[in-house]
Amino acid sequence: MSNVSFEAPRGMRDFYPEDMAWRNRVFDAWRAAAERFGFQPYDACVVESLALLQRKSGEEVSEQIYAFQDKSGRALALRPEMTPTLARMVAARQSRLHFPIKWGAIAQCFRYERMTRGRKREHYQLNLDIVGTESVLAEAELLGAAVQAVRLMGLPDDAWRIHVSSRALLGELLAKAGIPAAQHPPVFMALDKRGKIPDEEIAVLLAQAGLPQDAIDAAFRLLAVDSLEAAAALAGEDSPAIADLRALHALAERMGYAPLLRFDIAVIRGLSYYTGIVFEAFDAQRRFRAIFGGGRYDSLLALVGGKPTPAVGLGFGDVVIGEILRDALGEACPVPRRGYAVGYMTAAERDAAVALAARLRAEGHPVDLALLPQKPKHFFSQAGASHARHAVYLGPDDIAKGVAQAKDLDTREAVPLALA
Ligand code: HAM
């Protein structure tokens with residue numbers, strides 16, 4: 001045993017207190033934004049049946065599943081994403097739920113990824129989903145909630161953008177280019193790999209999907225369409241997909257985040273179940289993979305045994321945003337000072353310190369009570385490095401007077417604090 005090094009498995013993270021400060025900043029913003037936008041919390045176990053999670057559609061995520069057999073031989077897995085679980089849970093209660101529903105969860109997910117900065121083998125994901133409406137206001141609300149979360153984390157709007165497109169639009173354009181609808185799913189999966197693998201390999205995938213050379217050329221040409229106007233010119237002004245994208249933009253203007261949106265036809269998404277508007281957020285310099293991603297998936301409920309039901313959702317990971325926040329705000333997470341640090345000079349003042357801590361805690365303040373007597377210098381330097389707002393140090397004179405000094409660790413001002 002003595003020679004074995006016990007490190008967290010590759011790609012899995014430990015969270016020391018300084019890491020938890022960042023994680024809490026992200027989770028607190030997620031929870032606050034989800035609540036502000038009316039999402040109801042839900043949760044489920046990280047272990048799922050493998051059959052629910054695996055899809056035979058050429059998605060990367062299906063190849064990255066941590067799968068295992070339990071002692072009864074059941075084929076199980078650690079979930080790589082939350083959406084199949086959500087779909088299963090909704091389908092199981094479909095006749096009792098009042099649609100549309102808006103549900104939110106912070107879910108730990110596992111993927112056997114090739115690791116890069118911002119990609120681990122385990123991550124937490126805020127999932128927000130709206131099930132039971134075709135209204136594009138659902139997309140607008142989802143994006144509004146994600147924008148709210150990023151703003152609460154303290155990242156300025158000019159540091160990131162949301163790239164938006166639509167699989168329905170790309171489907172219309174592919175059909176106009178003579179590529180039949182049956183071939184669209186493998187074409188989406190192949191085109192999504194743009195930038196990750198060379199174009200020649202994508203061309204091979206498209207040929208394997210049954211596309212002749214002129215259709216392959218047409219598919220690549222579509223990815224060069226660089227504005228919604230250009231896409232509208234190709235799709236026709238009566239295109240329902242263009243109407244949805246325009247409606248989303250108009251709603252985003254009313255909700256105050258339209259400047260963050262960019263039309264980007266190359267956003268396709270690597271998951272097979274999306275059917276309509278899709279989006280991915282990136283840092284402005286495109287140094288990282290996506291901050292969050294999602295879209296409309298109107299067929300998934302039916303695939304897990306439910307009635308066909310429109311749905312739209314997003315997954316927002318903690319890893320990429322964590323890296324971006326550290327770059328923008330500094331290595332140490334800015335945590336607002338709260339509560340009290342209470343110390344004392346000798347064992348004789350200990351009981352008074354314990355009583356003071358008990359009183360302050362009963363009033364609702366967080367209190368870090370020293371476990372041993374300390375010299376004042378030592379106590380104040382420790383309190384300064386902690387997250388306490390006030391430091392109270394009890395010596396014999398304070399006990400005699402029945403009044404201590406609560407020193408504000410930001411302003412250095414001291415205010416009297418009665419001990420009784
Ligand atoms: P996804 O794009 O696979 O979508 O993941 C969503 C987000 O999770 C990514 O943008 C990223 O922030 C984070 N993420 C994914 N994989 C990793 C990883 N290996 N390491 C760190 N972060 C990662 C989905 O999972 C969909 N189920 C989202 C969704 C919900 N669509 C509809 N509802």
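These legends walk through several views of a predicted model, starting with the whole protein and moving on to close-ups.

**View 1. The whole protein, with its 16 helices and 16 strands.**
Start here to get your bearings. The C-alpha trace spans about 90 × 55 × 45 Å along its principal axes. Of the 420 residues in the protein, 48% are buried. The accessible surface adds up to about 20900 Å², and carbon and sulfur atoms account for 54% of that. If you take the contacts between residues at least 6 apart in sequence, 68% of them join residues at least 24 apart.

**View 2. The ligand and the 25 residues that surround it.**
Which residues come closest to the ligand? They are E81, T83, K120, D129 and Y274. Y274 shows up again when you look at polar atoms: an N or O atom in its side chain is 2.6 Å from a nitrogen atom of the ligand. The side chain of Y273 also has an N or O atom 2.9 Å from a ligand nitrogen. Over at G317, a polar backbone atom is 3.1 Å from an oxygen atom of the ligand. On its own the ligand has 660 Å² of accessible area, and the protein covers 97% of it. The elements giving two or more residues to this shell are the strands β6 (122–131), β10 (292–296) and β11 (311–317). Sorted by class, the shell has nine nonpolar, nine polar and seven charged residues.

**View 3. H163, a residue of strand β7.**
Find strand β7 at residues 160–166, and you have found the place of H163. Is H163 buried or exposed? H163 is buried, because its relative accessible area is 11%, under the 20% cut-off. Its side chain makes a polar contact with the side chain of D264, at 2.8 Å. D264 is also one of the residues that H163 touches beyond four places away in sequence; the others are R262, V267, V278, F279, E280, F282 and R286.

**View 4. E323 and the salt-bridge network around it.**
This close-up is set on helix α13, which runs over residues 318–329 and holds E323. E323 is linked with R117, R287 and D327 in a network of salt bridges. R117 also appears among the contacts of E323, together with G118 and F288, once neighbours within four places in sequence are left aside. With a relative accessible area of 18%, E323 counts as buried.

**View 5. Three pairs out of the 25 salt bridges in the model.**
The pairs here are R55 with E59, D70 with R74, and D199 with R194. The side chains of R55 and E59 meet at 2.8 Å, N to O. Both partners are buried: R55 has a relative accessible area of 15%, and E59 has 1%. For D70 and R74 the N to O distance is 2.8 Å. Here D70 is partly exposed at 21%, and R74 is partly exposed at 48%. D199 and R194 meet at 2.9 Å. In this pair, too, D199 is partly exposed, with 28%, and so is R194, with 36%.

**View 6. Helix α9 and the helices it packs against.**
Helix α9 takes in residues 213–222. Which of its residues are buried? They are A215, I216, A218, A219, F220 and L222. As a reminder for reading a helix, an α-helix has 3.6 residues a turn, so residues three or four places apart point the same way. The buried residues of α9 pack against α6 (167–176), α7, α8 (199–208) and α10 (228–235).

**View 7. P186 on helix α7.**
Helix α7, one of the partners of α9 in the previous view, covers residues 184–191 and includes P186. At 35% relative accessibility, P186 is partly exposed. How far apart are P186 and L50 in space? Their C-alpha atoms are 22 Å apart, and 136 residues separate them in sequence.

Definitions and conventions: Residues are numbered from 1 along each chain as its sequence is written. This is a predicted model: local features need pLDDT of at least 70, side-chain atom pairs count only at pLDDT 80 or more; totals for chains, interfaces and linings use all residues. Side-chain values use heavy atoms; hydrogens and water are left out. Helices (H or I, at least four residues) and strands (E, at least two) are DSSP runs, numbered from the N terminus. Buried means under 20% relative accessible area, exposed over 50%, partly exposed in between (1.4 Å probe, protein chains only). A polar contact is a pair of N or O atoms within 3.5 Å; within protein, one must be able to donate a hydrogen and the other to accept it, and residues adjacent in sequence count only if both atoms are side-chain atoms. Contact means heavy atoms within 4.5 Å. A residue is near a molecule or strand if one of its heavy atoms lies within 4 Å of it. Accessible areas come from the Shrake-Rupley method with a 1.4 Å probe; for residues, only the protein chains shown count as cover. Ala, Val, Leu, Ile, Met, Phe, Trp, Tyr, Cys and Pro count as nonpolar, Asp, Glu, Lys and Arg as charged, and the others, Gly among them, as polar. A salt bridge is a side-chain nitrogen of Lys or Arg within 4 Å of a carboxyl oxygen of Asp or Glu.
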